Amino acid sequence: MELLIASAVGILSAAGIYLVLRKRTFPVILGMSLLSYAVNIFLFSTGRLMTGAPPILNKYQDMAYTDPLPQALVLTAIVISFGMTAVIVMVALAAYLSSRDDRIDMIHDQTTGGDSQ
């Protein structure tokens, strides 16, 4: 179970970093989403990886329980990342509609005096 979770976090992180380094806005948005999924899985795995264990401590059962705090953190992070993804998509759409191009250029045009218009 731990190997599967660690592999999922690693693959999602690698794919997210790869997509964030692209020069178009849509792959960057997808990369940020993949990175947030990787962080959510990592946070969820910090609450002990047990199947069938209750999220509360029961005095009639042995000490096998899962921590509910990472589950609450992941639920909150999912809601926040959904809202931020919607905001980023709207900003990227506005930038595309204003310039008719979705390239992310970090180098200013040298011939026009620093403006990229």
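# Exercises on a predicted three-helix chain

At 65% relative accessibility, Phe-82 counts as exposed. This residue belongs to a model that is predicted, and the exercises below work through its helices and selected residues.

**Exercise 1. Locate Phe-82 and classify its accessibility.**

Step 1. Phe-82 lies in helix α3.
Step 2. The class "exposed" requires a relative accessible area over 50%.
Step 3. Phe-82 has a relative accessibility of 65%, and therefore it counts as exposed.
Step 4. In space, the C-alpha of Phe-82 is 8.7 Å from that of Ser-33, while 49 residues separate the two in sequence.

**Exercise 2. State the elements of the chain and the confidence of the prediction.**

Step 1. The chain holds 3 helices and 0 strands.
Step 2. Read from the N terminus, the order of the elements is α-α-α.
Step 3. The chain has a mean pLDDT of 81, and 76% of its residues reach 70 or more.
Step 4. Among the elements, helix α1 (residues 2-20) has the highest mean pLDDT, 92, and helix α3 (residues 68-99) the lowest, 87.
Step 5. A caution applies to reading any such model: where pLDDT is low, the predicted coordinates should not be read in detail.

**Exercise 3. Determine how α1 is oriented relative to α2 and describe their contact.**

Step 1. The axes of α1 and helix α2 (residues 25-45) are 7 Å apart, and the packing angle is about 160 degrees.
Step 2. Angles over 145 degrees count as roughly antiparallel.
Step 3. α1 is therefore roughly antiparallel to α2.
Step 4. The crossing in which α1 passes α2 is left-handed.
Step 5. On the α1 side, the contact includes Ile-5, Val-9, Leu-12 and Ile-17; on the α2 side, it includes Val-28, Leu-35, Ile-41 and Phe-42.
Step 6. The residues of this contact comprise 17 nonpolar, 4 polar and no charged.

**Exercise 4. Repeat the analysis for α2 and α3.**

Step 1. α2 and α3 pack at about 175 degrees, and their axes are 9 Å apart.
Step 2. The two helices are therefore roughly antiparallel to each other.
Step 3. Contributors from α2 include Thr-25, Ile-29, Ser-33 and Phe-44, and those from α3 include Gln-71, Val-74, Ile-78 and Ile-88.
Step 4. By residue class, this contact has 10 nonpolar, 7 polar and no charged.

**Exercise 5. Classify Ala-14 and Ile-88 by accessibility, and give a distance for each.**

Step 1. Ala-14 is placed in helix α1, and Ile-88 in helix α3.
Step 2. The class "partly exposed" falls between the buried limit of under 20% and the exposed limit of over 50%.
Step 3. Ala-14, at 47% relative accessibility, is therefore partly exposed.
Step 4. Ile-88, at 36%, is likewise partly exposed.
Step 5. From Ala-14 to Leu-34 the C-alpha distance is 9.0 Å, with their positions 20 residues apart in sequence.
Step 6. From Ile-88 to Thr-25 the C-alpha distance is 9.5 Å, and these two are 63 residues apart along the chain.

**Exercise 6. What percentage of the chain is buried, and what percentage of the contacts with a separation of 6 or more join residues 24 or more positions apart?**

Step 1. Of the 117 residues in the chain, 19% are buried.
Step 2. Among contacts with a separation of 6 or more, 45% are between residues 24 or more positions apart.

Definitions and conventions:
Residues numbered from 1 in each chain as written. Predicted model: local features only at pLDDT ≥ 70, side-chain atom pairs only at ≥ 80, totals over all residues. Heavy atoms only, no water. pLDDT = per-residue confidence, 0-100. Helix = DSSP H or I, 4+ residues; strand = E, 2+ residues; numbered from the N terminus. Axes fitted to C-alpha atoms, helices over the stretch in contact; angles between N-to-C directions. Parallel < 35°, antiparallel > 145°, perpendicular 65-115°, else oblique. Left-handed = near helix turned anticlockwise from the far one by under 90°. Contact = heavy atoms within 4.5 Å. Nonpolar A, V, L, I, M, F, W, Y, C, P; charged D, E, K, R; others polar. Buried < 20%, exposed > 50% of the residue type's maximum accessible area, 1.4 Å probe, protein only.
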